[in-house]
Amino acid sequence: MLDREQDSIGPLPVAAVAGWDLEADVVVVGLGAAGACAVLGAVEAGAEVLALEAAGAGGGTSAMSGGLIYLGGGTPLQKACGFEDSAEDMFRFLMAASGPDPDRAKVRTYCDGSVAHYQWLVDIGVPFKPAFFPEPGLEPPTDDGLVYSGGEDAFPFDRLARPAPRAHKPQHRHAAGRFLMDRLLAAVEGSAARIETDVRVLRLVVGPDDRVVGVVARRAGRDLQIGARRGVVLCAGGFVHNDEMVQRHSPLVARCSLRLGNDFDDGRAIRMAQALGAAVTRMDAAEVAVPITPPRKLVAGILVNGQGQRFINEDTYYGRVGQEILFRQGGEAYLIVDESLYEVTRAGLGASWVAETAAELGTEIGLPPGSLSATLDLYNRHAADGHDPVFHKAAPFVRPLEGPLGAYDLRVTNPACFYATFTLGGLVTSVDGEVGHVDGRAIPGLFAAGRTTSGVAASGYASGISLGDGTLFGRRAGRAAASP
Ligand SMILES: Cc1cc2nc3c(=O)[nH]c(=O)nc-3n(C[C@H](O)[C@H](O)[C@H](O)COP(=O)(O)OP(=O)(O)OC[C@H]3O[C@@H](n4cnc5c(N)ncnc54)[C@H](O)[C@@H]3O)c2cc1C
């Protein structure tokens, strides 16, 4: 498939620029969470900074989000809520949960810098209430500040690292993304940075040595040539709303019913860097949330695939469940519960089939004959003793499923069951946001952060990592770009 966009995306030689319409030391493209922190990082480093935002105001997908920020290693908030954590436990968890094979240097930098980054967020005006919310997963409906968001306290992670909740939610009821962005944008507006909105960046401008020295952008039909004396930082989000890119790189994601992101998540920044030789990675990776909870009690049911077999511990993070169903179970799964557990989920999903026995239920669903009864027999036999020796679900959720049974249809083809997704792949960057060329060197003058890059969550995910790594590595990229 070819890119049918009309505007050229290839780099413009600086020789073709008659004069700059605007100029600054550092030009930041995109004013979501990563961009706002890149601006602040560059300003702190003493640079004159210009932020360019395609929309009428900053915010981006960050403002649409739940606002959970993945932080740990013993933040004051974790301590105030009575949880012990260390950078080492956080590192062990993330190396296991955000892989396979996440970028070790990024995960290390992220974990080691997490407590200081929390303090930085507080200092610039992002408040957190020291209260723990016990239901894991979604952002709390309350203004409580701390919640489990990645299955840290469930198998297999509870055996790899000491569990601790790490999703820090700014003090705001329900989704806190807009609130977080209001605070970050207030800090940007209070800084010396200049902000230009309704300006969509289209291409990079390069010097004779392939150094990035500016961008070409469009405002109200007019092209602007904008110079960057020290560096350009791309913080323009991911590509979930670019159908061609999604189809090409991650066709299974194209099957998901709910693509999360703002309209400018079109991958333009990734492609304009690629046109200069930038390397990309993990372009098939995506967060895939299938919210089977709340209510939490449903994890006492069992998840089975199209062969009627269990494939995961049901008490893990629902994003892990979603990725498993979509990428490794052919997009087919069913949640089996008995009458005592049954409840319509908060997302509005009820049972599609009900039967007196497992054999009848399997037949109704269309599973291979006898498969569901065999799975349930084995599960119930051990559950009677409170154990799950096959997938190690935690004891409080393990008990036999008895009497009439119901099955929730979790197939990706079921429009009533939403699969919420956004892309995780993007530009290859160093811990300082330098964009890597396909030949392995850094592209001079070009930096990136946030979902324009492949970050801490290389493939696996925990809620809060996008705002976490976008803000932390956004700051670092801004600072590095500001260095003369
Ligand atoms: C409903 C929902 C809930 C979520 N909940 C969470 C959560 O709780 N925690 C978490 O970590 N993540 C969450 N996410 C994901 C997270 O919000 C995003 O991955 C993250 O905000 C991306 O941040 P960013 O700064 O990279 O991009 P954005 O916030 O999207 O910022 C990019 C900015 O760049 C601008 N832009 C794009 N192209 C151009 C261009 N060519 N020129 C100029 N400007 C441009 C955009 O308009 C935008 O303002 C959620 C997402 C959604 C939709």
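Visitor: Which residue follows helix α11, and what is the sign of its phi?

Guide: In this model, which is predicted, α11 is followed by Gly330, and the phi of Gly330 is positive, near 65°.

Visitor: Why is α11 described as largely enclosed by the rest of the structure?

Guide: The term buried is reserved for residues with under 20% relative accessible area, and in α11, which spans residues 318-328, 8 of the 11 residues are buried, so the helix is largely enclosed by the rest of the structure. The buried residues are Tyr318, Gly319, Val321, Gly322, Gln323, Glu324, Ile325 and Leu326, and what covers them includes the strands β13 (286-289) and β14 (302-304).

Visitor: Since β13 and β14 have come up, which peptide bond connected with the loop between them is cis?

Guide: The bond from Pro294 to Pro295 is cis, with omega near 5°, and Pro295 is found in the loop between β13 and β14. A second cis bond runs from Gly99 to Pro100, where omega is near 15°, and Pro100 has its place in the loop between the helices α4 and α5.

Visitor: Turning to α4, which of its residues are buried, and against what do they pack?

Guide: In α4 (residues 87-97), the buried residues are Asp89, Met90, Phe91, Phe93, Leu94 and Ala97. Their packing partners are β4 (69-70), α5 (104-112), α6, α7 (157-160) and α14 (465-482).

Visitor: Why might residues three or four places apart in an α-helix point the same way?

Guide: An α-helix has 3.6 residues a turn, so residues at that spacing point the same way.

Visitor: How do you know whether Cys111 is buried or exposed?

Guide: Cys111, which lies in helix α5, has a relative accessibility of 1%, and because the limit for buried is under 20%, Cys111 counts as buried. Leaving aside residues up to four places away in sequence, Cys111 touches Ala87, Met90, Phe91 and Leu94, and of these Met90, Phe91 and Leu94 are among the buried residues of α4. The C-alpha atoms of Cys111 and Leu71 are separated by 7.7 Å, although the two residues stand 40 residues apart along the chain.

Visitor: What makes Tyr118 count as buried, and which residues does it touch?

Guide: Tyr118 belongs to helix α6 (residues 114-123), and its relative accessibility is 7%, which falls under the 20% limit, so Tyr118 counts as buried. Apart from residues up to four places away in sequence, Tyr118 touches Leu71, Thr75, Pro76, Leu77, Phe128 and His168. From C-alpha to C-alpha, Tyr118 and Gly468 are 9.5 Å apart in space, while 350 residues separate them in sequence.

Visitor: Why are Asp198 and Asp210 assigned to one accessibility class or another?

Guide: The partly exposed class lies between the 20% limit for buried and the 50% limit for exposed; Asp198, at 45%, therefore counts as partly exposed, and Asp210, at 34%, counts as partly exposed too. Asp198 sits in the loop between β7 (194-196) and β8 (200-206) and has a positive phi of about 55° although it is not a glycine. Asp210 sits in the loop between β8 and β9 (212-219), and its phi, near 65°, is again positive in a residue other than glycine.

Visitor: What does the domain assignment give for the chain, and how do domain 1 and domain 2 meet?

Guide: The assignment gives domain 1 as 12-64 + 178-287 + 420-482, domain 2 as 69-174 and domain 3 as 291-409. Between domain 1 and domain 2, 32 residues of the former are in contact with 31 residues of the latter, and the C-alpha centres of these two domains lie 25 Å apart.

Visitor: Why is the chain called as compact as a globular protein of its length?

Guide: The chain has 14 helices and 21 strands. Its radius of gyration is 23 Å, close to the 23 Å that the globule rule gives for 484 residues, so the chain is as compact as a globular protein of that length. Buried residues make up 60% of the 484 residues, and among contacts with a separation of 6 or more, 74% join residues 24 or more positions apart.

Conventions: Residues are numbered from 1 along each chain as its sequence is written. This is a predicted model: local features need pLDDT of at least 70, side-chain atom pairs count only at pLDDT 80 or more; totals for chains, interfaces and linings use all residues. Side-chain values use heavy atoms; hydrogens and water are left out. Helices (H or I, at least four residues) and strands (E, at least two) are DSSP runs, numbered from the N terminus. The radius of gyration is taken over C-alpha atoms; the globule rule is 2.2 Å times the number of residues to the power 0.38. Buried means under 20% relative accessible area, exposed over 50%, partly exposed in between (1.4 Å probe, protein chains only). Contact means heavy atoms within 4.5 Å. Domain bounds come from an automatic or database domain assignment.
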